[in-house]
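Good morning, everyone, and thank you for making the time. Please have the sequence and the structure open while I talk, and stop me whenever a residue is hard to find.

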Amino acid sequence: MIKRNEIQEKAEELTARYQIPSVSITYYQNGSYETIHAGYKDVEGQIPADADTLYSIGSCTKSFTAAAIAVLCDKGLLHLDDPVVKIIPEFDMYDSYAGSHLTIRDMLCHRCGLPRHELAWYPRLSQYSEKQMIDMLRYLKPNEPFRYKMQYQNMMYTLAGFVISRASGTTWESFVRENLIEPLDMGPISFDAPQLETFEGRAKGYRFFEDAPVPGNKQVPYCPLYTMCPAGSISMTSTQLAKWDTLFLNKGKANGKQIISEEMCTQMFTPQMLISDPIAEPLQGYLDMCSYGLGFFVENYRGTKVVQHGGHIDGFIADQCFVPDKDFACSVLTNSENPYGARVMRYLLLDAILEQEPVDWIGNFLRFQNDMKKKQQEALTSRTAVKSQSEEYPCPAPLSSICGTYSDNGYGDITIREEENGLSLELGTLTLHGFHCRSQHFLFTEEHVLPGLELEAEAEIDRKGNVTAFLIALEPTDKEKIRFLKK
């Protein structure tokens, strides 16, 4: 049984040790909801979080998009195994077989063969229309065979939003509101950042800057997702998100109405694709049988089936969870980008409801996080270490000749400029900084969107010494670099 005072103490410990501005926790058990909060939704104004504080839930939005598809299936307007081209005839992919055979189910369980390709869209969110997003997918290369491996993919959920719009004749937002939010009596929620700005009770989002003159949390702007909204744009309170999760405990029924059929509801948290990624060190021995359903992760935690999803968007981390066999649900929302804070509270709550031996999840994940940071720093290439190589094997072309604009059909344009001791690469709103290693090779870094990563790059130079292309590993999971041709 969950003891409210103990969770309150853990919430306060979490905000202090993880340097999280605030956390809001709602859990459902025995037919009732309890909400706990700690910290400040507005650090500068010292305004405490409360039960009515709205947080961005990031990718927890995906469960709403998958549920909207489920409703359309219940209405007979779609089937999970319909090919996407049936609804969007102009759709295609780099792998033409995948393009013609990709189904709605494939989209929702992340098995299209594409890696994330986050930098193809994230730095240019405001620029892409539905047509441009669909066109982009023709040029992004897969790194796995179609239906071979689960690879988390935001663009597929954007595509699902387009499917919802085409099949329903209305917008993704209107369909979700009218068929899910209103029947649940959830109250007002925000569907994108500009709307969130109108809510007086909203939390501000924060990022912790370790290397600042005075380390600490600094406010970051809300992130409008525009066309990408179906993948991660919703904001709401922890109570609203927990109420959403109880819909699935009740097999799609709420307020005396069957909002989603029991059959489709069950499909959403039935494993569709096994996940082969390694389990994080603190969870080894506690977690197994990890898989993805439709808009939800499904896993075995300490012998019990748990359904969950996390969410991350600029300034916020969220977590949703429910346990079908225990009639239990919980949501944890934070206005911080600490990747483990919300997740830690989920495991503390699960241990209590499952009556398992308590684990020091706050301490375990904090040690794990610190170890990860240390390993990342040790793995970064020292500019001093490569200085001798750079001098011994200079770039065969002047840095000034590498500068210019380059283009790729999937990623759009990049601009290379010379800066002190190296090059900068501008990709939409993102700027990466690179230094020379040897010959035509460079390493690029970006401290916030790509912390701890070094992206290998090289200038392509013809036999006359002309720079013809620039190649950079913008998709870190793929061995093949993205090749941008010089304009």
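I will go through a sheet, two helices, some aromatic rings and finally one loop residue. Please keep in mind throughout that this is a predicted model.

Let me begin with the sheet. As a reminder for those who are new to this, strands of a sheet pair through backbone hydrogen bonds, and the pairing can be either parallel or antiparallel. Here we have an open sheet of nine strands, which run in the order 3-2-1-15-14-13-12-11-10, and their pairing is antiparallel. Strand 3 and strand 10, the latter being residues 273-274, stand at the edges with a single partner strand each, so one side of each has no neighbour in the sheet.

If you now follow the sheet in from strand 3, you can see how that end is put together. Strand 1, residues 22-29, and strand 2, residues 32-42, are paired in the antiparallel sense over eight bridges, and within this pairing S22 stands opposite G39 of strand 2. These two strands make a hairpin with two residues between them, and in that turn N30 has a positive phi of about 55°. Strand 2 also pairs with strand 3, residues 47-48, again in the antiparallel sense, over two bridges. In that pairing D42 stands opposite I47, while the bridge partner of Y40 is P48. Strand 2 and strand 3 form a hairpin as well, with four residues between them, and there Q46 in the turn has a positive phi of about 50°.

Next, please turn to helix 7. This helix covers residues 154-168, which is 15 residues, and from its first C-alpha to its last it reaches 21 Å, close to the 21 Å expected at 1.5 Å a residue. Is the helix mostly covered or mostly open? It is mostly covered, since eleven of its 15 residues are buried, and among them are M155, Y157, L159 and F162. At the N-terminal end Q153 acts as a cap, with a side-chain oxygen 2.9 Å from the backbone nitrogen of M155, and after the helix comes G169, whose phi is positive, near 80°. Before we leave this helix, look at Y157 once more, where the charged end of K62 sits over the ring, 5.7 Å from its centre. Elsewhere in the model, the charged end of R438 sits over the ring of Y393, 4.0 Å from the ring centre.

That brings me to the aromatic rings. A search of the whole structure finds 26 aromatic pairs, and I have picked two that share F322. The rings of F248 and F322 have centres 5.8 Å apart and planes at 10°, so this pair is stacked. F248 belongs to helix 11, residues 238-249, and F322 to strand 14, residues 316-323, so the pair ties together parts that are 74 residues apart in sequence. Both F248 and F322 are buried. The rings of F296 and F322, on the other hand, have centres 5.3 Å apart and planes at 90°, so this pair is edge-to-face. Because F296 lies in the loop between strand 11 and strand 12, and F322 in strand 14, this pair joins parts that are 26 residues apart in sequence. F296 is buried too, with a relative accessible area of 0%.

There is also an aromatic cluster, formed by Y286, Y301, Y340, Y347, W361, F365 and F368. Some of these names return in helix 14, where W361, F365 and F368 are among the buried residues. Helix 14 spans residues 361-379, so 19 residues, and reaches 26 Å from its first C-alpha to its last, close to the 27 Å expected at 1.5 Å a residue. What covers its buried residues? The cover includes helix 1, strand 12 and helix 13.

I will end with K479, which lies in the loop between strand 22 and strand 23. Is K479 buried or exposed? K479 is exposed, with a relative accessible area of 86%, where the cut-off for exposed is over 50%. Its C-alpha atom is separated by 36 Å from that of R302, which is 177 residues away along the chain.

Thank you, and I am happy to take questions.

Conventions: Residues are numbered from 1 along each chain as its sequence is written. This is a predicted model: local features need pLDDT of at least 70, side-chain atom pairs count only at pLDDT 80 or more; totals for chains, interfaces and linings use all residues. Side-chain values use heavy atoms; hydrogens and water are left out. Two strands pair if DSSP finds at least two bridges between them. The expected span of a helix is 1.5 Å times one less than its number of residues. Buried means under 20% relative accessible area, exposed over 50%, partly exposed in between (1.4 Å probe, protein chains only). A polar contact is a pair of N or O atoms within 3.5 Å; within protein, one must be able to donate a hydrogen and the other to accept it, and residues adjacent in sequence count only if both atoms are side-chain atoms. Rings of Phe, Tyr and Trp (its six-membered ring) pair if their centres lie within 6.5 Å; planes under 30 degrees apart count as stacked, over 60 as edge-to-face and the rest as tilted. A charge sits over a ring if NZ of Lys or CZ of Arg is within 6 Å of the ring centre and within 35 degrees of the ring normal. Contact means heavy atoms within 4.5 Å.
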